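Have the sequence and the model side by side? Let's take a walk through the open spaces and then look at some helices that pack together.

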Amino acid sequence: MGLSAVLLAGLGAFATGSVAEEASPSLFPSRLARAIAPLDVNPDGLSGAGARILSDAVAASRYVLIGESHMTREIPAFTTQICRMMAPSGLTAMAIETGPEAARVVDSVMRSDDREARMADFLGAHPDGIAFYSGRDEVRTAGDCAAAAGPDFELWGLDQEFLGSSGHLLQEMLAANPGPLARTALTGLAAQDQEATAAALASGSPGDLFLLTVTQGDLDQAAAAIAQDGGARAQYLFGLLTETRAIYLASQARQGDPNGRRARLMKRTLAAHLAENPGARVLLKFGAWHFYKSLNPLDQRDLGAYVAERAEGEGVTALHIMVVGAKGSTAGYAGVGRPAAIQAFDMADDEGPDWRKDVVLAQPADAAPGSWMLVDLRALRAEGLASAPPEWRDLALGYDIAILAPTFSATSLLG
């Protein structure tokens, strides 16, 4: 047998032995226990062994992504601490799950002492005008991040606008001094929007809002007029309106690829911001399914996959953090102009496999009551995932760190 054959045979035997050892399912619980560290989240900062892991990981990253459960009090508070962790080394912006114009509205008030009152006024005038930043705790976090990061810090909205955004968008188009043809068309659409908003407030149904009731013919006529004398600002805003409508109509009809279209929009918008801000250091905060490094549970390459690939191409690090709760409540959508529906949850009610249950069972015995648990998924990946249960394999391929809060509580709504 030649030298090459001997080497290959030896390497094959070594690899086979390693896989056989790693593939033993009995090894995974002990590996998981080593990857878990307590994390204490307090108003004055983070502490515990998990805080040291998180601090080192954040310090080494240009892009930090927080994949969340929406509309809680705890995740905005956690996000504030990440902002404060990033700020000393530079924090350019926070990218959020709203449209660009919605982010501009929040950005305009976030440094004000009365930001919550100003946001409440806006949302009272434009019901369902902004996604998620109708939550009181989200608005507080935007202000806290701006205070920590300094005067040049911005919010970047990457998503489509929300269902009730049309009134604000039309007002902004009219304020952009369009020519007479465009102004006439936009004034007519604004009147339709007011009627639709009144109907939606009466019924509570988002299906009565302008974006879902205006005819394509009326929009086509307005588009022609805006193209003639609307000006660049009105054309841009009208494009936001029509793209938002197209995504919601496709989702409502369950046709086409609304989630893919939305993901592609977010990638383009982020790419444009990064082109204008070379070397930007960015915190991103979206729903957890958007931020998988790999295919997400919808089998799509969403924003997280784009950021992961972009960071690798740039030779920098993107840190993907998932934050979820073991039990508690979140604020759910209950209709146009309606108070939030408080939705209770408990992981113990889930009958299928759930990685959160494994974390509770494996948490350190000396963890303080109320401690959050940080799981370093990078350590699990480094040792191989062949012995990992499927839910852990998917999680470790999609995220770098998973954090489990013991309890969530629902945020309150403004406006």
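Helix H6 (115-125), H12, helix H13 (258-276) and strand S8 (327-332) each bring at least two residues to the lining of the largest pocket. Keep in mind as you look around that this is a predicted model. Among the contributors, H13 gives the most to this lining, with five residues. The pocket itself holds about 1100 Å³ of space. To find its middle, look for Met71, Ala131, Phe132, Phe162 and Tyr333, which are the closest to the centre out of the 46 residues that line the pocket. As for the chemistry of that lining, it splits into 22 nonpolar, 17 polar and seven charged residues.

Now move on to the second largest pocket, where you'll find about 410 Å³ of space. Its lining is made of 20 residues, and Trp289, Tyr292, Pro297, Met322 and Trp355 sit nearest the centre. Which elements give two or more residues to this lining? They are strand S7 (318-325), helix H15 (355-362) and helix H17 (390-398). H17 gives the most here, with four residues. Sorted by class, the lining of the second largest pocket has eleven nonpolar, three polar and six charged residues.

Pockets are open, but there is also a closed space to visit. The structure holds one cavity of 30 Å³ or more, and the largest cavity has about 40 Å³ of space. Who lines it? Glu68, His70, Glu97, Phe132, Tyr133, Glu138, Lys285, Phe286 and Gly287 do. You have met Phe132 before: it is one of the residues closest to the centre of the largest pocket, and it also lines this cavity. Strand S6 (residues 282-287) supplies the largest share of the cavity lining, three residues. By class, the cavity lining comes to three nonpolar, two polar and four charged residues.

Time for the helices. Two packed helices are described by the angle between their axes and the distance between the axes. Start with H12, which you saw in the lining of the largest pocket, and follow it to helix H11. The axes of H11 (residues 216-229) and H12 (residues 232-253) come within 10 Å and cross at roughly 160 degrees. An angle over 145 degrees counts as roughly antiparallel, so H11 and H12 are roughly antiparallel to each other. Their crossing is left-handed. On the H11 side, the contact is made by Gln216, Leu219, Ala222, Ala223, Ile226 and Ala227, and on the H12 side by Ala234, Gln235, Phe238, Leu241 and Arg245. That contact has eight nonpolar residues, two polar ones and one charged one.

H12 also packs against H13, the helix that gives the most residues to the lining of the largest pocket. Here the angle is about 155 degrees, and the axes are 8 Å apart. H12 and H13 are therefore roughly antiparallel to each other too. Where they meet, H12 offers Glu243, Ala246, Ile247, Ala250 and Ser251, while H13 answers with Pro258, Arg261, Arg262, Leu265 and Arg268. Sorted by class, the contact of H12 with H13 has five nonpolar, one polar and four charged residues.

How values were computed. Residues numbered from 1 in each chain as written. Predicted model: local features only at pLDDT ≥ 70, side-chain atom pairs only at ≥ 80, totals over all residues. Heavy atoms only, no water. Axes fitted to C-alpha atoms, helices over the stretch in contact; angles between N-to-C directions. Parallel < 35°, antiparallel > 145°, perpendicular 65-115°, else oblique. Left-handed = near helix turned anticlockwise from the far one by under 90°. Contact = heavy atoms within 4.5 Å. Nonpolar A, V, L, I, M, F, W, Y, C, P; charged D, E, K, R; others polar. 1 Å grid on protein atoms, 1.4 Å probe; cavity = no way out; pocket = protein on both sides within 12 Å on 5 of 7 lines; lining within 4 Å. Points joined across faces, edges and corners; volume = space filled by probe spheres on them.
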